[in-house]
Structures are given as structure tokens and as C-alpha cells.
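Reader: I am new to this structure and would be grateful for a close look at one part of its interior. Please take the part shown here and set it in its surroundings.

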Amino acid sequence: MISKLHYISQGETSEAHLMAIESVLKAGAKWIQLRMKKFDEAMVLATAKEAKSLCNTYEAKLIINDYPLVAKEVQSFGLHLGLNDMPIQEARAIVGHQMIIGGTANTFADVEKRITDGADYIGLGPYRFTKTKENLSPVLGAQGYRHMIQKMKEYGYKTPIIAIGGIVKTDIPELKRKGVYGVALSGELTNANNKYQLISEIHSLLEAE
């Protein structure tokens with residue numbers, strides 16, 4: 001089961017990532033993506049082991065961004081691959097067929113490639129400009145999602161779409177109307193003063209019919 005709310009970690013140090021992860025776990029987050037693009041693999045592995053322990057404590061699922069060997073080593077629930085990361089099929093050969101693999105997409109061609117390659121969910125974005133990610137792909141906006149999800153319906157594709165990129169709580173009703181399955185948040189959650197209340201409100205919005 002793919003969560004409808006994904007938290008993507010951020011921080012300048014390993015400790016900052018772990019503090020951010022623990023704070024959202026305490027507030028009720030259940031799907032944590034460890035995203036450490038600027039760190040070497042040894043540091044990512046060490047941090048992932050700590051993050052896995054935290055996720056186990058709070059009965060949450062850990063997803064590793066970009067590092068299939070780390071995902072395999074810590075036996076994370078999933079792996080997420082960006083457009084410039086290892087191809088899904090190569091990663092699948094490393095982590096096996098039990099692990100969830102998600103993939104980033106920006107265009108409909110990306111979406112089709114991810115589906116063909118066997119992605120379990122697609123992180124489609126960015127919704128708007130965000131400083132969290134360097135080398136940002138073209139911004140999609142609400143109409144971009146509407147167009148993509150309409151085309152997916154026409155082709156009979158059912159892979160869950162997770163909206164990503166600068167998303168805040170107030171965007172969720174519009175994104176739901178466009179047909180997205182869920183959302184991925186980073187800064188909105190990391191910087192929230194009352195994370196428990198925010199997560200509770202986001203869950204309510206995501207589950208609303």
C-alpha cells in the first residue's frame with residue numbers, strides 16, 4: 001500500500017536529517033523518504049541505519065532516495081529513483097522484487113517510461129518552484145497535472161501519482177480534484193511549528209471524497 005502522504009527529509013547534516021525525520025514521525029508521519037543528494041554513500045548508509053531504527057520505533061516505512069545498495073543493506077521498505085538516477089530495472093536487480101520502487105517524472109514520456117519499467121508509484125512534479133531541489137525540471141502547475149492524469153486515463157494507466165515540488169497544505173484540494181493519489185512534502189513539514197496538527201489536517205484533506 002502506497003501512503004498518500006510522503007515526507008522527504010532535508011538538512012545540511014546527517015544529524016539535521018535525523019532530527020527532521022524524528023520530529024515528523026512523532027507527529028504521525030508514516031512514510032519517510034531519506035533524500036541525501038550531497039552526501040557520500042557511506043554517510044547515507046550510516047544515516048539510513050539510524051533512520052530505519054526510528055521508522056521501526058514509530059511503525060513507519062523508510063524509503064531510500066537514489067542508493068539501491070543502501071536500500072538493500074538496511075532493508076528499507078522502498079527505493080525512490082530520480083530521472084538521473086539508476087534505471088529502475090537495474091535497481092530492481094539489486095533490491096529484488098519485494099521492495100517498492102518509485103520514480104520521478106516530469107513529462108508524459110517520463111510517466112510512460114516509469115510505468116513500462118515497473119515503478120510502483122510516480123513522483124510527478126514539480127508543482128511549483130522549490131529551493132529544495134537543484135536543477136529543477138519545468139514546473140507543471142495544476143493544469144499540468146490535469147493534463148497528465150487525463151492522458152493516463154486515456155491510456156488505461158493506473159500507477160499512483162504523488163504530486164511533488166513546493167507543495168503546501170492548501171494545494172491539496174485542487175490536486176485531489178485533478179486526480180492525484182497523494183502528495184510529497186518537505187519544507188512545509190520540516191518548518192511547521194505544529195507538525196501534529198498539520199499532518200492531521202493533511203490526512204483529512206487527502207482522505208476527503
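How do the residues of the lining of the largest cavity divide into nonpolar, polar and charged?

Author: The model is a predicted one, and what follows describes that model. The residues lining the largest cavity divide into five nonpolar, four polar and no charged. They are His6, Ile8, Gln33, His80, Tyr121, Gly123, Ile162, Ile164 and Ala184. At least two of these lining residues come from strand 1 (5-8), and at least two from strand 6 (121-124). The space inside amounts to about 40 Å³, and a search of the whole structure finds one cavity of 30 Å³ or more.

One lining residue, Tyr121, leads on to the aromatic rings. Tyrosine 121 has a relative accessibility of 1% and therefore counts as buried, the limit being under 20%. Tryptophan 31, likewise at 1% relative accessibility, counts as buried. By the rule applied to ring centres, the model holds six aromatic pairs. In one of them, the ring centres of tryptophan 31 and tyrosine 121 are 6.2 Å apart; because their planes stand at 80°, and over 60 degrees counts as edge-to-face, the pair is edge-to-face. Tryptophan 31 belongs to strand 2 (residues 31-34) and tyrosine 121 to strand 6, so the pair ties together parts that are 90 residues apart in sequence. With Phe77, Trp31 and Tyr121 form one aromatic cluster.

A further aromatic pair joins phenylalanine 108 and tyrosine 155; this pair is tilted, with 5.4 Å from centre to centre and 45° between the planes. Since phenylalanine 108 lies in helix 5 (residues 108-116) and tyrosine 155 in helix 6 (residues 141-155), the pair ties together parts that are 47 residues apart in sequence. Phenylalanine 108 counts as buried at 10% relative accessibility, whereas tyrosine 155, with a relative accessible area of 47%, is partly exposed.

The nonpolar cores complete the surroundings. The largest nonpolar core has 60 residues, and those with the most contacts inside it are Ile32, Ile64, Leu124 and Val183. Apart from that core lies another, of eight residues, among them Ile2, Ile8, Trp31 and Ile63. Ile8 is thus named both in this core of eight residues and in the cavity lining. Leucine 124, for its part, touches residues including Ala105, Leu140, Met148, Ile162 and Ile164, leaving out those up to four places away in sequence. Of these contacts, Ile162 and Ile164 also line the largest cavity.

Conventions: Residues are numbered from 1 along each chain as its sequence is written. This is a predicted model: local features need pLDDT of at least 70, side-chain atom pairs count only at pLDDT 80 or more; totals for chains, interfaces and linings use all residues. Side-chain values use heavy atoms; hydrogens and water are left out. A nonpolar core is a set of buried Ala, Val, Leu, Ile, Met, Phe, Trp, Tyr and Cys residues joined through side-chain atoms within 4.5 Å. Buried means under 20% relative accessible area, exposed over 50%, partly exposed in between (1.4 Å probe, protein chains only). Contact means heavy atoms within 4.5 Å. On a 1 Å grid over the protein atoms alone, a cavity is a set of points where a 1.4 Å probe fits but cannot get out, and a pocket is an open set with protein on both sides within 12 Å along at least five of seven lines; lining residues have an atom within 4 Å of a point. Grid points are joined across faces, edges and corners, and a volume is the space filled by probe spheres set on the points. Helices (H or I, at least four residues) and strands (E, at least two) are DSSP runs, numbered from the N terminus. Ala, Val, Leu, Ile, Met, Phe, Trp, Tyr, Cys and Pro count as nonpolar, Asp, Glu, Lys and Arg as charged, and the others, Gly among them, as polar. Rings of Phe, Tyr and Trp (its six-membered ring) pair if their centres lie within 6.5 Å; planes under 30 degrees apart count as stacked, over 60 as edge-to-face and the rest as tilted.
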